[in-house]
Amino acid sequence: MLVSLHWFIFLLNLPVATWNIYRFIMVPSGNMGVFDPTEIHNRGQLKSHMKEAMIKLGFHLLCFFMYLYSNMVVLWFPKTAYEWIGAN
């Protein structure tokens with residue numbers, strides 16, 4: 001994303017990427033992964049994992065429709081889209 005200068009998309013995805021890296025680094029040494037199958041059925045952990053999953057689902061749906069919209073704009077108005085980003 002940075003090579004093609006899509007700064008807005010990079011900045012939009014940066015918090016989620018940072019959160020995923022943080023969650024991966026903070027896995028206790030004895031666990032199999034972020035979602036340990038032996039401990040996920042604890043009521044508190046299950047609620048927090050479901051809340052996190054719903055937030056990520058909302059974020060990914062938002063990104064999907066934003067990407068879909070930008071794709072349709074470029075397909076419908078190619079010359080206008082290129083002029084808008086400053087390309088020749």
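Here is a short walk through the aromatic pairs of this predicted model and one glutamate beside them.

Let us begin with the rings. A pair of aromatic rings is described by the distance of the centres and the angle of the planes. Searching the whole structure turns up two aromatic pairs. One of them joins Trp19 and Tyr22, with 5.5 Å from centre to centre and 35 degrees between the planes, which makes the pair tilted. The angle falls in that class because stacked planes would have to be under 30 degrees apart and edge-to-face planes over 60. Both residues belong to helix α1, which covers residues 7-25, and because they are three residues apart there, about one helical turn separates them. As for surroundings, Trp19 is partly exposed at a relative accessible area of 38%, and Tyr22 is partly exposed as well, at 43%.

The other pair is made by Phe64 and Phe65. Their ring centres are 5.1 Å apart and their planes meet at 70 degrees, so this pair counts as edge-to-face. Phe64 has a relative accessible area of 46%, so this residue is partly exposed.

Now have a look at Glu52, which sits in helix α2, the run of residues 43-76. Is Glu52 buried or exposed? Its relative accessibility is 13%, so Glu52 counts as buried, the limit for that class being under 20%. Leaving aside residues up to four places away in sequence, Glu52 touches Trp19 and Arg23. That brings us back to the tilted pair, since Trp19 is the residue that shares it with Tyr22.

Definitions and conventions: Residues numbered from 1 in each chain as written. Predicted model: local features only at pLDDT ≥ 70, side-chain atom pairs only at ≥ 80, totals over all residues. Heavy atoms only, no water. Phe/Tyr/Trp six-rings, centres within 6.5 Å; stacked < 30°, edge-to-face > 60°. Helix = DSSP H or I, 4+ residues; strand = E, 2+ residues; numbered from the N terminus. Buried < 20%, exposed > 50% of the residue type's maximum accessible area, 1.4 Å probe, protein only. Contact = heavy atoms within 4.5 Å.
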